Structure formats: C-alpha cells, structure tokens
Amino acid sequence: MKKVQYALIGAGTRWTMSYSGWFEENNHLADIIAIAEPIKEKREYHAKKHNIPSEAVFESWEPMLEYLKNKDVDGVMICTSDHDHYKPAMACLEQNYHLLLEKPIAPTPQECIDIAKLAKEKDRVVLVAHVLRYTPFFNKIKSLIDTGEIGKIQAIQHTENIGSFHMAHSFVRGTWNNTKKSNPIIMSKSCHDLDILMYLTGSINCTKVAGFGSLKHFTKENAPAGAQERCTKKCSVYETCPYSIKTYLTTGGFAKSVTATGELDTLEKDLQEGPHGRCVYYCDNNVCDSMSSILELEDGVNITFSLSAFTDKINRTINIMGSHGQIRANMTDDVVELSKFGEGDGPYRNGASVLSHPSAEAVSNSKHGYAGHGGGDSRFLEDFLQATNGQGKALTTATESIQSHLIAFALEESRLTEKIIKMDEYKKRF
Ligand SMILES: NC(=O)c1ccc[n+]([C@@H]2O[C@H](COP(=O)([O-])OP(=O)(O)OC[C@H]3O[C@@H](n4cnc5c(N)ncnc54)[C@H](O)[C@@H]3O)[C@@H](O)[C@H]2O)c1
C-alpha cells in the first residue's frame, strides 16, 4: 500500500484532539509533510510531533501552497475555523489536491456550491468531516432500514442533546457562540444531524423546512444575583452555578479544549484571561440554545429534529417509524432496538424487539480502537486515506455533503423570517 503525503492547514483543537493522535499511531500509512498554523506554540508543537522539517512549517496556508507546488502531495487537510475554509479549499482545488475538509463547509450557500462545483470540475475528492456517517451506531441503523424490516419509513424523530456544560463551553463561551464569527447552531452543531438524516433516508430530496428557536437562557437578564463578568472563586455563585469554570478545574471536562495545545499546564491562566473564563450570562453569544426543526421529504416522510442545550447527557437519540416496525436508538447507551409490528405476544402483537450494541461490537473488531464521535473520527480518516492512496473511493462527494448544508441555511432563514421554506425555490437562488 502506498504511503501517502498530506499537508495540514490549521492545527487547532480539532486537529489536536481528534486527528493528530491517529497520525502518530499510523505514521507507517501517512506522513504530514507540511503544516500551516499562525499560532507559534501550536505550530511548533505539531511540527515536532509529526517530524515536519523546518522548511515545511508555515504561518499561513498561502506560502505553504507555494512550497507544495514542487512536492508530491496526496491530499490537504483543512482544519481551520468555520469562516476560514473557503479560500484555502478553493486554492487547494485549483492546485488539484484532494481535500479533507472540516464541516461546516463554508458560511454561505454560494461558497458551499462553489467548492462542490470546483471539486467536480477538477475530479478531486472533497471529503467533508460528516463523521457520523462512519459510526458503527448509525451504520447499524442504516443497515436495519435497508433490510426493509420496518417497511417504508413514515416519520422520524431525532434529537441532539448538546449537554449543558458542552453548550456553555462551545456555544456560549467558545468558538461557535456567535454567527458573525461562526455559524448558526443548526449549521455548526447540527449539519451532522441533517447529513445523517439524509443518509438514513437514502438522500431523498427534502422539499420543505421550518425552523423555530431562540437564545433563551444564556443572556445577561438571566444572570443570578451577584454574578460577575468573569467566572472566579470570588463570584457568590461559583460553587453552585452548573456552568461555573469549577467544572473544568475539578472534572477536567472540556479542559483540554481550553488550552492551545491540549496540555493542561496553562489551564488556570487560560481560564483567568481567555474566553472560557467568562460568565455564561455575560458573553458575546447570539446562537440559539434550543431549536426545533421540521423537514418534509419528497415522498412525504416528515422529520422532526430537536437540538437543545438543556440536557444532562451529550448524545443523540432517534426514533424511526416505519409502516411495519420501528427503530429506536440511543447513542450514549449504544443501543439500537428494532421492533416489528405483529410479531410480539402482547395485546397488540407489537414489541418483538431485537437489541444490538453496534459500537461495543465494533470496538472489539477495530484495528485502531475506539476514537471520538462514536468511532466516527478514526473511520473517517481511514476513508480519506483509502480515497487518496488508490485503495478505494470516498464514502461521500462534496455535492452530497452540501445537501445538508443547504437545509441548515434554509432552516435558519425560516427561523428568522418565520416562514416555511420550499427547498426547490430556495436552491434556485444560488
Ligand atoms: N467534524 C466534527 O465533528 C468537528 C468537531 C469539532 C470542530 N469541527 C470543525 O473543525 C474546524 C476547526 O475547529 P477547531 O475547534 O479546531 O478551531 P480552532 O480555532 O481551534 O483551530 C483552527 C486553527 O486554524 C488556524 N488558522 C487560522 N488561520 C489560518 C491560516 N491562514 N492558515 C493556517 N491555519 C490557520 C488557527 O490558528 C487555529 O489554530 C471548524 O470548522 C470546526 O467547526 C468539526
């Protein structure tokens, strides 16, 4: 098998927490031959970790692409923040590189379409990190749907439980808290969910969408009496507030994503000075903390999708209702349950259920162990590897990946304008 050569743009949290370790473990399969990262600390840390020679270490992607012109490059990984994907993606495609592209693809429908079009024109792989498609959990559900055992899908209820402290960390204090620098939450958090819903239903056209939601809780009006703008031990509610930075310091939850390199030696200083040390009621956040969406598909299937900050667990649950049976699944508990109507022995002959634990089964078979996003992250990297080393074809194309993004953009427009959006009319605008 050919050993591939990749270049990296953006060595931030996503790279550090989800991908870097895989490359360390699999350095017999792939080399990182160049890195572009403006922050010195991160740049030097990862250049050293991945043995990148000093002439291939850059402060930004533009000079790195110049350097790569004379090199053998199998792919570029774009892990910059949401608003910094478009320019490097277009430039890399112009240079004919295959791309691993972090989601969300880009902050406007037109930019997403541009990337998909250029990828097609250049015949390049653009593998968008919709990692749920690679999880044993959702693959099990997909395979059960495809057996036809529950008949034709009639309706789906899907829930994304963000988790209260996860919300505070990422969408109130953190990177994705404001649409000006990131995206609406239906995109930044839930393009994954919209993508997986398209995958499970066989990418049937979505015809209509409606979105409802707002930022209700994380505002200054809801600040407890005595709360201070920075979260410190001096605040009168430090001990009792569920969102206080005490969680980082005592449980370690999300702490690695507070510091630049994922090492915890600077945690206290970063909390004193950085955005994650702010009081959740005094941040510059504007994204919804709950949102409900309704989607209608071409064949009449209707989907309700709810995302919320106010959950104890961080997980996804799904209920797929078919003409002859039902699939219920809960990602945290790693349970997928299939019931077939008419096969039970209860009063309505319902309830003959088959339970499975797909992730647990996959862990024992997995070569690289069990990585983030329910095993999706490592399998996603393996897919990119196969698509770029001549061993296989990528699971998705950019054209497929933008479908969920267009739905997310339309849902946000629906939420803001209080109108139902017809997707065919919406798409014609671009
Ligand atoms: N697929 C998933 O499930 C998933 C999960 C988390 C994050 N993400 C996405 O991954 C992306 C990165 O997120 P993150 O949390 O790592 O953000 P981050 O801000 O921690 O990292 C982005 C990095 O890009 C660097 N950068 C900025 N300008 C650059 C330039 N000109 N050239 C090279 N590098 C540059 C920044 O310095 C930073 O280190 C985002 O789009 C995010 O939404 C995806």
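Is serine 188 buried or exposed? I looked this one up before anything else: with a relative accessibility of 4%, serine 188 counts as buried. My cut-offs for that word are under 20% relative accessible area for buried, over 50% for exposed and partly exposed in between, using a 1.4 Å probe and protein chains only.

**Ground rules.** I am working with a predicted model, where local features need pLDDT of at least 70, side-chain atom pairs count only at pLDDT 80 or more, and totals for chains, interfaces and linings use all residues. Residues are numbered from 1 along each chain as its sequence is written, and side-chain values use heavy atoms, with hydrogens and water left out.

**Entry 1, serine 188.** I found serine 188 in helix H8 (residues 185-188). For helices and strands I take DSSP runs, numbered from the N terminus: H or I with at least four residues for a helix, E with at least two for a strand. I also checked asparagine 177, eleven residues away along the chain from serine 188, and the two C-alpha atoms are separated by 9.6 Å.

**Entry 2, the ligand.** Next I turned to the ligand, which has 26 residues around it. A residue is near it if one of its heavy atoms lies within 4 Å. Arg14, Glu37, Ser60, Asp82 and His192 come nearest. By type, the shell holds eleven nonpolar, nine polar and six charged residues. Here Ala, Val, Leu, Ile, Met, Phe, Trp, Tyr, Cys and Pro are nonpolar, Asp, Glu, Lys and Arg are charged, and the others, Gly among them, are polar.

I then looked at polar contacts, meaning pairs of N or O atoms within 3.5 Å. Glutamate 37 has a side-chain N or O atom 2.6 Å from an oxygen atom of the ligand. Arginine 14 uses a backbone N or O atom, 2.7 Å from a ligand oxygen. For tryptophan 176, a polar side-chain atom lies 3.2 Å from an oxygen atom of the ligand. On its own the ligand has 860 Å² of accessible area, and the protein covers 85% of that (Shrake-Rupley method, 1.4 Å probe).

Which domains supply the shell? Domain 1 (4-129 + 379-396) and domain 2 (133-217 + 286-374 + 402-428) each give at least three residues; the bounds come from an automatic or database domain assignment.

**Entry 3, the sheet.** I traced an open sheet of six strands in the order S3-S2-S1-S4-S5-S6, with parallel pairing. Its edge strands are S3 and S6 (126-128), each pairing on one side only. Two strands pair if DSSP finds at least two bridges between them; strand S1 (residues 4-9) and S2 run parallel and are joined by six. Within that pair, alanine 7 is opposite alanine 34 in S2. Strand S2 (residues 30-36) has six of its seven residues buried.

**Entry 4, backbone oddities.** Where does asparagine 51 sit? I located asparagine 51 in the loop between helix H2 (40-49) and strand S3 (57-58). Its phi is positive, about 55°, although it is not a glycine, and asparagine 51 is exposed at 65% relative accessible area.

Phenylalanine 254 also has a positive phi, near 65°. I place it in the loop between helix H10 (246-251) and helix H11 (267-273), partly exposed at 27%.

Last, I noted a cis peptide bond from lysine 103 to proline 104, omega near -15°. Proline 104 belongs to the loop between strand S5 (99-101) and helix H5 (109-122).

Key: A polar contact is a pair of N or O atoms within 3.5 Å; within protein, one must be able to donate a hydrogen and the other to accept it, and residues adjacent in sequence count only if both atoms are side-chain atoms.
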